[in-house]
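Visitor: I am new to this structure and should like to learn how its descriptive terms are justified. May I put some questions to you?

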Amino acid sequence: MKMTIEELKIDDFELIQTLSQEKILAKGSFIDINLPPEQIIQEFQALSQARPKLRSLGIYSIISLRNVYIRLNHESCLKIVDQYIHGIGWHDLQYICFFDIQPSSIYIHIVFNRVTPLSKVIDIKCVGATWQQYEVLRQSCSMIIDNPINNQYLQRQCCNCCSN
């Protein structure tokens with residue numbers, strides 16, 4: 001499997017509107033994902049207003065998992081995202097996550113608010129994936145993909161070998 005992580009700074013949260021029209025809304029933190037996209041954007045903006053001098057309000061992360069040899073469902077992708085975000089230490093940020101799940105590729109789009117609920121700010125210098133982030137992503141994927149419970153292909157193989 002080939003993994004890439006792209007991180008970009010964003011000046012506003014209008015990207016959420018575009019993503020909500022094109023991708024599957026999967027998860028959010030410090031936000032009610034059942035709200036209409038316009039209200040979600042307003043909630044992100046409201047939190048950012050705690051630091052009015054910020055120009056780049058958020059960070060947009062695109063995680064690409066290509067050449068995935070098993071079929072991952074929505075729940076498995078959520079587990080990968082949870083483990084990844086906790087692993088990089090951004091679980092205390094407001095974020096919203098979208099999925100684009102294709103037969104052999106998964107694209108995870110995450111919009112993070114740079115302002116935390118405690119009005120602290122994530123430094124923009126951290127934009128750009130490090131080797132540590134790739135290691136966290138690799139471990140997050142391995143926990144899901146290598147687990148036979150989540151791996152339908154391995155389950156079928158095992159059943160075929162065991163049946164006499």
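Visitor: Why is the pair Glu75 and Lys79 called a salt bridge?

Guide: A salt bridge requires a side-chain nitrogen of Lys or Arg within 4 Å of a carboxyl oxygen of Asp or Glu. The side chains of Glu75 and Lys79 meet at 3.6 Å, N to O, so the pair satisfies the rule. Both residues lie in helix α3, four residues apart, about one turn of the helix. Helices here are DSSP runs of H or I with at least four residues, and strands are runs of E with at least two, numbered from the N terminus.

This is a predicted model, in which local features need pLDDT of at least 70 and side-chain atom pairs count only at pLDDT 80 or more, while totals for chains, interfaces and linings use all residues. Residues are numbered from 1 along each chain as its sequence is written, and side-chain values use heavy atoms, with hydrogens and water left out.

Visitor: What makes Lys79 partly exposed?

Guide: Buried means under 20% relative accessible area, exposed means over 50%, and partly exposed lies in between, with a 1.4 Å probe and protein chains only. Lys79 has 33% relative accessibility, and therefore counts as partly exposed.

Visitor: How many salt bridges are there by this rule?

Guide: The count comes to four. One of them joins Glu135 and Arg138 at 2.6 Å, N to O. These two residues lie in helix α4 (residues 131-145), three residues apart, about one turn of the helix. Glu135 has a relative accessible area of 29%, so it is partly exposed, and Arg138, with 36%, is partly exposed as well.

Visitor: Which parts of the chain does the salt bridge of Asp100 and Lys23 link?

Guide: The side chains of Asp100 and Lys23 meet at 3.7 Å, N to O. The pair links distant parts of the chain: Asp100 belongs to strand β4 and Lys23 to the loop between α1 (15-22) and β2 (24-29), 77 residues apart. Lys23 is partly exposed, because its relative accessible area is 21%.

Visitor: Why is Gln94 called buried?

Guide: Gln94 has a relative accessible area of 2%, and is therefore buried. Its place is in the loop between α3 (74-88) and β4 (95-101). Not counting residues up to four places away in sequence, Gln94 touches several residues, among them Ile31, Phe44, Leu47 and Val111; contact means heavy atoms within 4.5 Å.

Visitor: What makes the meeting of Gln94 and Asn113 a polar contact?

Guide: A polar contact is a pair of N or O atoms within 3.5 Å; within protein, one must be able to donate a hydrogen and the other to accept it, and residues adjacent in sequence count only if both atoms are side-chain atoms. The side chains of Gln94 and Asn113 are joined at 2.8 Å, so the distance falls within the limit. A polar atom of the Gln94 side chain also lies 3.1 Å from the backbone oxygen of Phe30.

Visitor: How are the elements of the protein ordered?

Guide: The protein has five helices and five strands, running β-α-β-α-β-α-β-β-α-α from the N terminus on. Of its 164 residues, buried residues make up 41%. Among contacts between residues at least 6 apart in sequence, 80% join residues at least 24 apart.
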